[in-house]
Amino acid sequence: MLTSPSSVPRLVIAAPSSGSGKTTVATGLMAAFAARGLAVSPHKVGPDYIDPGYHSLATGRTGRNLDAYLCGPELIGPLFAHGARGCDIAVVEGVMGMFDGAAGEGELASTAHVAKLLRAPVVLVVDASSQSRSVAALVHGFASWDPEVRIGGVILNKVASDRHEELLREALDAAGVPVLGVLRRVAQVDTPSRHLGLVPVAERRAAAVDSVAAMGAQVSQGCDLEALVALARGAGVLSGAAWNAAEALASSPPPPLPVPTPGAAPPDPRFRPEGPRPRTPDGLSENGPGGRVRVAVAGGPAFSFSYAEHAELLAAAGAEVVVFDPLRDEGLPEGTRGLVIGGGFPEVYAAELSGNEALRQEVVALVESGGPVAAECAGLLYLCRELDGQPMCGVLDATARMSGRLTLGYRDAVAVSDSVLAVAGTRMRGHEFHRTVVEPGSGAAPAWGVLAPRRVEGFVERGVHASYLHTHWASEPGVARRFVERCRTS
């Protein structure tokens, strides 16, 4: 067992494009390594919530995201080391094509960028189903595009036959890139998809267990695991300490509020000028009276999206985090003082959520009592009057419906209104990913001003902060501190 998470052997699994088989290979490798008795640390580049669920099944450990846009490049190494504590090897699944990052931001948040930040070798997964000798030109291009990215080998996916494999290997031998695995097309490793990607593990756990086992078996049979472990051991040592929730809170004290210049016109609170993102000036102490306060976090099939660091930060700030399932539980956990409702698929379960009237009434009662509620995307929909005609909590005077339009992308945002999460002017980065529409899109006190394109969105009402934006609290630990302190005083 390795003692330093900064030296854990690691591989980044990348591909020329989406749909090449990254998830199959990454999850299969995790399962194959775990079956050999290795403690495997699973990671996913970017904001994706779904793939880490499959990673967790494969490894028995929490799947964690590494997003250089949401968290900043400086946190990638520390967050990786935090997740990799006590592990023998780490597998990092990439996002989209290897060099595809945040739009208009160059390499930022791409798989290649994260691989460089992690000093990790890359294994390129190539869909070889419609090519033979051309594969060498493709791999050569990816291997030579950025000399700082080290492609240590290729895994060929969807290979049709022995003869097809022979042609592919011959071409890549000439290109000087080792073939570390060959996978044939196998139906049982396919996982069903829906309007936002793969169906989450929480909705198909038994079938997902079988899929992950099939991925592990296929990778074990088709890949050179010894060579892949050897490649992972060639990763560079990372500098700096592993991220720690308590230390992150302690090292990010709220700065003093800005003092206005006498006679100066007040700035537009909706949009502050570009520049460094200030820490949340919440003015609240980390330790309040009364010991730990209970914070309920929505989970289960309808609300399966969350970053593990959020719960860790809440706990470090003094919360007792209790997960409940709005599809099954008819009430909030006893003693709940605050509520966090993250992302998921409430549109798939609208009838069931609506039918749980007892829970909806408890959510309303918590809000009316002043209890803080933080809702992102799916949580926003749940708080509306209705979703696709089905009654929801009715906390917000808005309606939600499915739409044929996909809203997707990173957002640079500023808090417009003081809320249970932040004071006006706090800068954070977020991500939107939904096919729903909320009307109106913002309340009298919006949650965020999005800087490009400039607009306001979301709702701040009483103790509620509800928005489409998914944010990563590790980038702004004061969010968790502020929320817990509001739980103490509400």
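Which residues in H1 meet which residues in H2? In this predicted model, Thr23, Thr27, Met30, Ala31 and Ala34 are the residues of H1 that are in contact with Asp51, Tyr54, His55, Ala58 and Thr59 of H2. Sorted by class, the contact of H1 with H2 consists of five nonpolar, four polar and one charged residues.

**How the two helices pack**

Two packed helices are described by the angle between their axes together with the distance between those axes. Helix H1 covers residues 22-35 and helix H2 covers residues 51-59, and their axes come within 8 Å of each other while crossing at roughly 20°. Because angles under 35 degrees count as roughly parallel, H1 is therefore roughly parallel to H2. The crossing in which H1 passes H2 is right-handed.

**The second largest pocket**

Helix H2 also takes part in the lining of the second largest pocket, where it supplies at least two residues. The same is true of strand S3 (64-66), strand S10 (293-298), helix H10 (308-316), strand S11 (319-324), strand S12 (336-341) and strand S13 (373-376), each of which contributes at least two residues to that lining. Among these elements, H10 provides the largest share, five residues. The space in this pocket amounts to about 960 Å³, and of the 43 residues that line the pocket, Phe303, Ser304, Phe305, Ser306 and Tyr307 are the closest to its centre. By class, the lining of the second largest pocket holds 24 nonpolar, 13 polar and six charged residues.

**Cavities**

How many cavities of 30 Å³ or more does a search of the whole structure find? The search finds two, and their volumes and the classes of their lining residues are set out below.

| Cavity | Volume | Nonpolar | Polar | Charged |
|---|---|---|---|---|
| Largest cavity | about 60 Å³ | seven residues | three residues | one residue |
| Second largest cavity | about 40 Å³ | six residues | three residues | two residues |

The largest cavity is lined by Glu376, Leu421, Ala422, Met428, Trp448, His465, Ser467, Leu469, Thr471, Trp473 and Val479. For the second largest cavity, the lining is made up of eleven residues, and those that lie nearest its centre are Gly344, Glu347, Cys377, His434 and Thr436. Helix H13 (378-383) and strand S17 (427-439) each give at least two residues to the lining of this second largest cavity, with S17 giving the most, four residues.

**Backbone features**

Most residues other than glycine have a negative phi, and most peptide bonds are trans. Against that background, the peptide bond from Glu439 to Pro440 is cis, with omega near -5°, and Pro440 has its place in the loop between S17 and strand S18 (448-451). A further cis peptide bond joins Ala452 and Pro453, for which omega is about -10°; Pro453 is found in the loop between S18 and strand S19 (454-457). Strand S17, which gives four residues to the lining of the second largest cavity, thus borders the loop that holds Pro440.

Which residue has a positive phi although it is not a glycine? That residue is Lys158, whose phi is about 60°, and Lys158 is found in strand S6, which covers residues 151-159.

Key
Residues numbered from 1 in each chain as written. Predicted model: local features only at pLDDT ≥ 70, side-chain atom pairs only at ≥ 80, totals over all residues. Heavy atoms only, no water. Axes fitted to C-alpha atoms, helices over the stretch in contact; angles between N-to-C directions. Parallel < 35°, antiparallel > 145°, perpendicular 65-115°, else oblique. Left-handed = near helix turned anticlockwise from the far one by under 90°. Contact = heavy atoms within 4.5 Å. Nonpolar A, V, L, I, M, F, W, Y, C, P; charged D, E, K, R; others polar. 1 Å grid on protein atoms, 1.4 Å probe; cavity = no way out; pocket = protein on both sides within 12 Å on 5 of 7 lines; lining within 4 Å. Points joined across faces, edges and corners; volume = space filled by probe spheres on them.
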